[in-house]
Amino acid sequence: MGLTDDASGGGVGGSSADAAVLRRADPPQPGGIADRGTVPTADQPAHCAPPMPALISAAEQRLIDDPRLLGEIAEVVGGPFHVLFPERVAVNINAFHAAFRRAEVDGFVYFGKKANKAACVARACSENGAGIDVASTGELVAALAQGVRGEDLMVTGPAKSDELLWLAARHRALIAIDALDELDRLRAMELPARILLRVLPEGSASRFGLDPIELEQAVQAIAGPITLSGFSFHLSGYDATARAEQAVALVGHCLRARADGHPADTISIGGGFGVDYLDADAWARFQDTLSESWFHADPPTGGYYPYHFPVPGADMLAAVLAHHDLAGLLRDNDIRLAVEPGRALLDRAGSSVFRVQGVKTRTAHGAAYDILTVDGTSLSLSEQWFASEYLPDPVLWPAHPGDRTPTCVGATTCLESDLLSRRRIPLPRRARVGDLLVYPNTAGYQMDSNESPFHELPLPPKVVLRARGDRWRWSMDAR
């Protein structure tokens, strides 16, 4: 999928950081996915993928179980839409706060705004003591509009525009400097500014960050109204151990900068806090029996996100802090640890809903299956556009009795590749025109990171759901 980032879970219970190390499954080899000997059964014919129900929140389940609400929203909206549960965002934020408290570490959470544009998510951050990581003037202004204070913003991204640097400095945001010329432009503004220096991790080929020579030049150049608050890094993947060890290196940078007279009291370890979408058995079954016969047309070629992540979100943060007692090192040196989760703060905080517009029956391997066409496009389920596929099964709504039906899901454009689900999913009954497909847990990146008004189709709006007693209250998102 190409987008990394971040879920609250149960207690760590002394788990080592190594338990949080999960990588994508090996991508399929040229020529397609090898058939690993899938054995058809009465419940799973050979041309159908095994069921992979999503791990969902009580709020999502309550919505799915409601006999009317989804249909009423669909009738009002008149097309595909996303639902968001800001109260779940608050739960996830507070889980990260609790991990910091248990470790007795001064920590701060910045939501990676690129993971979801919804105004209600930014408002949940402002109301629950979290800041926001932004990378554009648009994101910065949107965060301020939802009550996030300038001093609670982290400004990241490469080659920031002069406008963004100026606005960030004016609002006392923390600015992660990515290059020497960026620092030069900020210095030329002669404005008070708080900065972190983004470090290029040793052995990394990333285009982002400062190498050791550039880093030393930057430290020596900082003076006057600019304050060196500390250092940051970003790592791809979801390796807790690597993050802990890189954090130790940043503590060393802080101590050396202090010797040169800089405050250097903050480090940021970025995002990459995994989300647990599927239970262990479903994920293992998918990996162990993956077969070309499950897919309509060509299977994905880009590999898969680790959809089962045993130590997700805030528990992964706890594992990072426990590794070689990083928490003690931070406490002993009075250093604040900043994190920038995106996906993890959106875990189980939203779903995407599409209406069935057409149903066709085809055959594969001598057996029948259905091809659905739904309104909207797969640009609203972004994993598909990174040569991969979103694996948690959609829920067919409303629930009715029927026979299990292998089904793949196409979107409404004229492109063969516009498929929401390439796999033939075992829906509990045949879908009918007018039914809804609910893709659970899509708030993190899936629902709007890659949207486009292709064919001049409107972008799916976001609907905000809040539980009030025994009823849901819903409204359109402010954005």
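**Exercise 1. Work out how strand E2 meets strand E9, and what the pairing adds up to.**

Solution. Start with the bridges: three of them join strand E2 (residues 107-112) to strand E9 (residues 336-339), and the two run parallel. Two strands count as paired if DSSP finds at least two bridges between them; strands (E, at least two residues) and helices (H or I, at least four) are DSSP runs, numbered from the N terminus. Next, pick a residue: Val109 stands opposite Val339 in E9. Now go round: eight strands close into a barrel, in the order E2-E3-E4-E5-E6-E7-E8-E9, with parallel pairing. From one strand to the next, the twist averages 30 degrees.

A word on the ground rules: this is a predicted model, where local features need pLDDT of at least 70 and side-chain atom pairs count only at pLDDT 80 or more, while totals for chains, interfaces and linings use all residues. Residues are numbered from 1 along each chain as its sequence is written, and side-chain values use heavy atoms, with hydrogens and water left out.

**Exercise 2. Describe the ring pair of Phe85 and Trp472.**

Solution. Rings of Phe, Tyr and Trp (its six-membered ring) pair if their centres lie within 6.5 Å; planes under 30 degrees apart are stacked, over 60 edge-to-face, and the rest tilted. That rule gives 15 aromatic pairs. For Phe85 and Trp472, the centres are 5.7 Å apart and the planes at 45 degrees, so this pair is tilted. Then place the partners: Phe85 is in the loop between strand E1 (81-84) and helix H3 (86-103), Trp472 is in strand E17 (residues 471-476), and 387 residues separate them. Both Phe85 and Trp472 are buried, meaning under 20% relative accessible area, with exposed over 50% and partly exposed in between (1.4 Å probe, protein chains only). Finally, look for a charge: Arg62 lies over the face of Trp472, 4.9 Å from the ring centre. The test is NZ of Lys or CZ of Arg within 6 Å of the ring centre and within 35 degrees of the ring normal.

**Exercise 3. Compare the settings of Ala264 and His324.**

Solution. Take the backbone: Ala264 has a positive phi of about 40 degrees although it isn't a glycine, and His324, also not a glycine, has phi near 50 degrees. Then locate them: Ala264 is in the loop between helix H9 (240-259) and strand E8 (266-268), His324 in the loop between helix H11 (313-322) and helix H12 (326-332). Last, check accessibility: Ala264 is buried at 0% relative accessible area, whereas His324 is exposed at 68%.

Notes:
Axes are lines fitted to C-alpha atoms, for helices over the stretch in contact, and angles run from 0 to 180 degrees between N-to-C directions.
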